[in-house]
Amino acid sequence: MKSWKTSSKGFVLIISVLGFISCDSEILNEELENTEEAQAYFDYDLDGSQSCLVNEEEPISAIDYEGSITLGRKMNIPQTMENMQKAWEELQGRDLYPGMENPVKVNKLYIRFLPKNKNQISELARYDENLDLFGFPLHYEFEPTTDENDSYRDRSLPLETPSPLYTVVDDDYAFPSSIPYEIIEELYMPDEDRTIPPDLADDLELVAENIAAGKSSNELSKTSKKWRPEGRIRVVDHAQGEPTDGMAVPVKGVQVMARRGLKWSWGITDEHGVFRVKKDFKKKVNYSVRWSNHEWYIIKGSSVTRAWYFGPKKEGEWDSLINGSIQSFYAQIHRAAYHSYYGENYGITRPMHNKPGNDRMWIRAHKKASILGYAAHFYENAPHAISVFAKYKLDGEKKWIYGEDFDKNHNRLYSTVIHEFGHASQRNLFYMDKQLKWKNLERVVGESWANGIEIELIKEVYPKEHGFLLDWTDCVFPNRPNYTTYIVKDLLHPGGDDNGANESNPVFESHHADFTLKEIENVMGHTWAEWRENLKQGLSTVEADNVQNRFDYWETACD
């Protein structure tokens with residue numbers, strides 16, 4: 001195909017390259033906006049041919065807090081001790097539950113943590129990984145939201161200060177000593193009290209809600225039927241040329257919450273995008289998606305704020321079709337992350353898991369361009385993070401990679417995230433194999449392996465993109481020799497493109513060893529030469545010669 005550097009279509013074809021070369025770096029010094037950013041650039045020494053395995057974090061920006069919801073009316077919390085005591089007295093006044101002892105006592109606390117920095121947020125997550133933390137107060141209504149609303153931010157706080165984190169805990173909860181917190185309200189939540197009949201719990205909850213809402217006494221006797229929130233989450237896949245282009249595809253494995261005040265319940269979407277939460281409710285609930293799970297958080301840019309999708313307040317199922325908004329960006333990132341952790345990966349090492357001694361992966365979704373010039377990069381220091389950028393700098397101008405409304409190039413976004421998780425997979429491999437030392441890894445090995453994982457894992461999801469990459473033979477960065485190669489796809493799919501081999505030779509196929517992705521991973525080396533020699537071990541002469549030929553080709557492709 002035509003080399004991107006000579007194409008008259010310029011940016012369009014560069015974006016094609018970006019779809020699978022997530023670590024492209026074409027930064028001009030005049031694009032660095034301040035001294036701090038310039039210092040980060042020169043410290044990192046991109047012109048010295050560093051890879052997109054970075055150890056510098058992007059600076060925080062006001063853009064990272066765009067999309068904040070606006071708080072509306074402050075609610076009277078039904079589960080306060082005062083309201084619950086009144087509810088019990090109302091039931092007793094109607095001669096209900098005679099002879100029963102007053103059950104109203106503090107069993108829950110509505111609190112907020114006040115973390116000072118990112119480290120304290122990570123510490124809190126490690127301290128209690130089952131704790132639901134919300135970056136918005138639970139005792140306020142929201143003003144009407146759109147798909148662009150993805151978080152809450154107290155605008156009076158400095159950029160670097162995390163928002164308070166709200167939740168409900170048991171009354172005897174053991175708080176971490178190093179993280180400040182405040183008790184907002186002592187609560188009695190009857191549905192969490194296993195010492196009383198379920199009917200009493202329902203009645204207390206219903207009467208307390210009416211008292212909190214200021215309803216008259218004759219309305220207190222009204223009952224509401226219980227129902228279980230459920231629905232479906234899908235996204236329109238804007239993947240030009242692919243079988244799914246323009247289709248609604250399910251978002252699998254996403255956390256969906258139904259919440260009414262301080263009571264909430266979660267459901268996880270299945271392979272069809274269908275979810276059902278675990279608790280019953282009466283009356284309307286607020287639906288929302290938290291773009292996080294046990295293995296990762298999707299974070300707004302360089303902030304510490306998790307990304308949300310705030311749905312409707314309603315009674316009945318929520319059938320959501322995401323199409324062309326920041327939520328499309330998050331949904332595609334989630335789909336690729338889910339694939340990396342749980343999807344078909346042909347037996348290779350998964351990215352590092354959330355377990356003692358290892359934090360969740362932070363996936364930073366930026367609405368801006370990277371100061372380092374990448375479409376995405378992997379932060380190699382612990383705790384690890386992946387950054388994905390919606391814009392790219394070209395000739396001093398910022399361009400939208402996936403469309404201003406995030407309705408373009410979804411296949412390349414997916415592919416880009418898979419590439420960065422390829423780095424995370426290799427980092428985990430080096431953690432587990434004590435013979436491998438991450439500091440000794442040559443960048444060309446790291447980038448070539450991430451390319452191979454990317455090309456192979458998208459095969460079933462985006463076959464057109466996969467086929468396009470199989471035929472790639474050009475040097476991607478002619479001014480940066482030995483930066484990255486496509487050696488892995490050549491070893492796996494020798495028929496994809498001959499790269500100079502004589503395909504008319506009757507024994508052409510016999511020249512190629514029958515590698516799997518896992519077999520190539522099993523002989524991983526620190527250097528290009530070590531990896532090559534490991535791959536040649538045990539092969540016939542012609543097969544070993546062919547491996548040598550493939551490595552020789554990519555060594556000289558950028559000369």
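Let's start at a hairpin: strand 19 and strand 20 form one with two residues between them, and aspartate 395 in the turn has a positive phi of about 55°. Everything here comes from a predicted model, so treat the numbers as computed from that prediction. The two strands, residues 391-394 and residues 397-400, run antiparallel and are joined by four bridges. If you want one of those pairings to click on, take lysine 393, whose bridge partner in strand 20 is lysine 398.

Keep following the chain past strand 20 and you enter the loop that leads to helix 7, where phenylalanine 406 sits. The backbone does something worth a look at this residue: phenylalanine 406 has a positive phi of about 55° although it is not a glycine. Is its side of the story buried or exposed? Phenylalanine 406 has 3% relative accessibility, so it counts as buried, the cut-off being under 20%.

Lysine 408 is in that loop between strand 20 and helix 7 as well, but its relative accessibility is 41%, so it counts as partly exposed. Sequence distance tells you little about who sits beside it: lysine 408 and glutamine 240 are 168 residues apart in sequence, yet their C-alpha atoms are 7.5 Å apart in space. Once neighbours within four places in sequence are set aside, lysine 408 is in contact with His238, Gln240, Tyr402 and Gly403.

Then comes asparagine 409, also in the loop between strand 20 and helix 7. Asparagine 409 has a positive phi of about 55° and is not a glycine. With a relative accessible area of 11%, asparagine 409 is buried.

Now for helix 7 itself, residues 410-432. Its 23 residues reach 33 Å from the first C-alpha to the last, close to the 33 Å expected at 1.5 Å a residue. Helix 7 is mostly covered, with 21 of its 23 residues buried.

From here we can step into the interior. Nonpolar side chains tend to be buried together in soluble globular proteins. In this model, the largest nonpolar core has 84 residues, and the members that touch the most others are Trp291, Phe329, Met361, Ile363 and Trp531. Which helix gives the most to this core? That is helix 6 (residues 326-342), with nine residues. Apart from that core lies another, of 25 residues, including Cys52, Ile111, Val304 and Tyr379.

Phenylalanine 329 links this part of the tour back to the loop we just left. Not counting residues up to four places away in sequence, phenylalanine 329 touches Phe406, along with Ala365, His366, Val388, Phe389, Ala390, Tyr402 and Leu413.

Next, a sheet elsewhere in the chain. Four strands make an open sheet in the order 10-9-12-14, with antiparallel pairing. Strand 10 (263-268) and strand 14 (308-314) stand at the edges with a single partner strand each, so one side of each has no neighbour in the sheet. From one strand to the next, the twist averages 20°. Zoom in on strand 12 (residues 285-290) and you'll find that it pairs with strand 14 in the antiparallel sense over five bridges. One of the pairings there involves serine 288, whose bridge partner in strand 14 is phenylalanine 310.

Two more stops are worth making. Glutamine 79 is in the loop between strand 2 (71-74) and helix 3 (81-93). It's a polar-looking name in a covered spot: glutamine 79 has 7% relative accessibility, so it counts as buried. Its contacts, leaving aside neighbours within four places in sequence, are Met84, Glu186, Leu187, Tyr188, Met189 and Leu262. The other stop is leucine 469 in helix 9 (residues 463-470). At 0% relative accessibility, leucine 469 counts as buried. Leucine 469 and asparagine 451 are 18 residues apart in sequence, with 9.6 Å between their C-alpha atoms.

Finally, zoom out. The protein has 13 helices and 20 strands, and buried residues make up 57% of its 559 residues. Among contacts between residues at least 6 apart in sequence, 73% join residues at least 24 apart. The exposed surface is about 23,600 Å², and carbon and sulfur atoms supply 46% of it.

Key. Residues are numbered from 1 along each chain as its sequence is written. This is a predicted model: local features need pLDDT of at least 70, side-chain atom pairs count only at pLDDT 80 or more; totals for chains, interfaces and linings use all residues. Side-chain values use heavy atoms; hydrogens and water are left out. Two strands pair if DSSP finds at least two bridges between them. Axes are lines fitted to C-alpha atoms, for helices over the stretch in contact, and angles run from 0 to 180 degrees between N-to-C directions. Buried means under 20% relative accessible area, exposed over 50%, partly exposed in between (1.4 Å probe, protein chains only). Contact means heavy atoms within 4.5 Å. The expected span of a helix is 1.5 Å times one less than its number of residues. Accessible areas come from the Shrake-Rupley method with a 1.4 Å probe; for residues, only the protein chains shown count as cover. A nonpolar core is a set of buried Ala, Val, Leu, Ile, Met, Phe, Trp, Tyr and Cys residues joined through side-chain atoms within 4.5 Å.
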